[in-house]
Amino acid sequence: MSDRRDFIGTALGAFAGLGALGALYAAKRTWDPLPSVKAAGFTTVDVSKAEENVLYTEMWRGKPVFILKVPKDAKPDEAPNGRDENAYEDPRLIKIGNDKFLVAIGLCTHLGCIPEYFAANKKFICACHGGQFNAAGEVLKAPPPSPLVIPPFKIVGTQLILGEEGPEYKQLKAQGLVA
Amino acid sequence: MAHFDPNARPFSHKWLNERLAIDTLKRVLSTEYWIPKNINFLWAMGMVLAVTFGLLLLSGIFLLMYYIPDTKQAFDSVNYTIMQEVGFGWLWRHIHAVAASVVFLIIYIHMFTGIYYGSYKRGRELIWISGMLLFVTFSAEAFSGYMLPWGQMSYWAGMVITNLFSMGSLEWNWLVEWIRGDYVPGQAFLGRFFMLHVLLLPLVIIGLIIFHFGTLRIPHVNNQDGEEIDFEAEAEKWKAGKRKEAKVIPFNPVFLSKDVFVLGVYFIFFFYLVFYHYQFAMDPINFDPADPLKTPPHIYPEWYFLWSYEILRPFPKDPGLIAFGFAQVIFFFLPFLDRSPNVAPANRRRPFRCWFWLLLIDMVALTILGKLPPVGIYTTLGTIFAWLFIILWIALPFITKREKLVGGKK
Ligand code: HEM
Ligand code: FES
């Protein structure tokens, strides 16, 4: 008698458990980004008219992307962590024609605010918690733990296609320089 | 066998009593729920909280009728339709905003009252833990509500807070994107936070309030001396007519009338804020519509989150997150970190007395610093006070373990 009850109880529990798992999975998938969001397209930017030391901000997958033609002398006025090298020599910069560009997602790697570029000081300052980056996106002051992230890109002439992985991007990625 | 008198008039007292046991319910839940005499107005804060939650629910229902959870329309539906077109729409919005802010002030008073009098020990652990669950759920409720007007502060607070879930160097971007339903806060994000704010979280809060009350019923509330009262014996005295001698009074109608008096005073303060001083509860930056391409110059959360935000800020990313997580959960453990058996006001418990006041001062200091920009001396002070918070909690078991026994009165 009690054996039968135990069995029925266990079977009921197992079925209810399965149902609950299925429902949880459905709930999880409902919260996933929609396919239309994931398939967000590519953004093409022409950099031939960019002026030196002026920050351009493009939109890619809802995120701002910084494009900065870095001047030959891009030494920041001051680096709280002591790394005040000339950012023009940084390997993270991307060569397009004869110019070097910073192409990076314009969200602070700390908690995602948009840092502001101070052209005279040759650096970015994040207002949220005081993080700083040089003109190549390298950290000059914590809390941001890592440089500004370089998005997938491809160079076609003077055009930059964001979202596609070109050879230059793959090379940077292989060197571990994109993030 | 249940007995139903066929002659009882429908819906008469007798008729209802046979079907619902209303006399027993009333006795157990109110007329014979005993409250010590030896308490002060701070013990009315729980009721003030319950009523403020009621105000939030009521004003929220009216806001809900015109609010539109759409990234293109949300801002105008609040700032134009509700504020300018809907008759008395501004009243509901001001009540809702002021109540959302004041409820945290009262929660903090309620919490520190509990800490001061040791009301989280000796059978009252679950009261404390259910209270902390309420605190966390209220925080989530406040945050989700803050997203809804889709202003600049909504958007950027949403960005920064959801990014916390990348767990620092673990780089769990998938989790952040899952929570948002997008790479950045957008329609999917607004829709789900709207659901959380108006349905799921309020339901959880209502359930937790019932649970909180349930945890109070058997241990009863503490008193100003931490005295262990024999509630049965004292209740007998009251019922025998020895009302002067009894150490307790019934919740209803005697204690309730005191609660209502405190509520009256509170409402004067509350509606003064609603009508004459509501600006403090509405950040001016949130009167600019959300702009994904422009961070406001200085992002800070509402005042009640500032202390924990300030614990995050002075450290590098990973340690900052760990310190922040510590601050979020550590209060849950208070009943077990306090190793002293004393249930007495903090002022009679020697080292604990310093601990209590230091913690209070530290959290006020962190709150003030959280509002200031992270530069120069403020960063230094922020670091010091953040460390003090952590050290205080680590020290708690050690200083309470050494504590001498202090009798409450008798
Ligand atoms: C909206 C949220 C809350 C409501 C509606 C609420 C309601 C109440 C009520 C009605 C009481 C009894 C009267 C009193 O002692 O004030 C009470 C007691 C208590 N609450 Fe809460 N509470 C809330 C949040 C919290 C929080 C966040 C904590 C702390 C973690 C907390 C901890 C306690 C404790 C320790 C007691 C017992 C006090 C004593 O025994 O003297 N409550 N609460
Ligand atoms: S988000 Fe930039 S420093 Fe925190």
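Helices are taken here as DSSP runs of H or I with at least four residues, numbered from the N terminus. On this basis, in the predicted model, helix α6(B) supplies the largest share of the shell around ligand 1, namely 7 residues. The shell comprises 22 residues in total, and the closest are B:Trp43, B:His110, B:Gly131, B:His212 and B:Asn222.

Ligand 1 is located in the second largest pocket. Two or more shell residues are contributed by each of α3 (45-64), α5, α6 (125-147) and α9 (187-217) of chain B. Polar contacts to the ligand involve both side-chain and backbone atoms. A nitrogen atom of ligand 1 lies 2.7 Å from an N or O atom in the side chain of B:His110, and a polar side-chain atom of B:His212 is found 2.8 Å from a nitrogen atom of the ligand. At B:Asn222, a polar backbone atom is 2.8 Å from an oxygen atom of ligand 1.

Over all chains, 48 aromatic pairs are present. The ring centres of B:Trp90 and B:Phe275 are separated by 6.4 Å and the ring planes are inclined at 65°, so this pair is edge-to-face. The pair connects distant parts of the chain, with B:Trp90 in helix α5 (residues 89-117) and B:Phe275 in helix α11 (residues 251-276) of chain B, 185 residues apart. B:Trp90 is partly exposed, at a relative accessible area of 31%; B:Phe275 is likewise partly exposed, at 41%. Ring pairs also join residues into a cluster, among them B:Phe53, B:Phe104, B:Tyr108 and B:Trp303.

Charged side chains also lie over aromatic rings. The charged end of A:Lys100 is placed over the ring of A:Tyr88, 4.6 Å from its centre, while B:Arg349 lies over the face of B:Phe352 at 3.9 Å from the ring centre.

Conventions: Residues are numbered from 1 along each chain as its sequence is written. Chains are lettered from A and ligands numbered from 1 in the order in which they are written. This is a predicted model: local features need pLDDT of at least 70, side-chain atom pairs count only at pLDDT 80 or more; totals for chains, interfaces and linings use all residues. Side-chain values use heavy atoms; hydrogens and water are left out. Rings of Phe, Tyr and Trp (its six-membered ring) pair if their centres lie within 6.5 Å; planes under 30 degrees apart count as stacked, over 60 as edge-to-face and the rest as tilted. Buried means under 20% relative accessible area, exposed over 50%, partly exposed in between (1.4 Å probe, protein chains only). A charge sits over a ring if NZ of Lys or CZ of Arg is within 6 Å of the ring centre and within 35 degrees of the ring normal. A residue is near a molecule or strand if one of its heavy atoms lies within 4 Å of it. A polar contact is a pair of N or O atoms within 3.5 Å; within protein, one must be able to donate a hydrogen and the other to accept it, and residues adjacent in sequence count only if both atoms are side-chain atoms. On a 1 Å grid over the protein atoms alone, a cavity is a set of points where a 1.4 Å probe fits but cannot get out, and a pocket is an open set with protein on both sides within 12 Å along at least five of seven lines; lining residues have an atom within 4 Å of a point. A molecule sits in a cavity or pocket if more than half of its atoms lie within 2 Å of its grid points.
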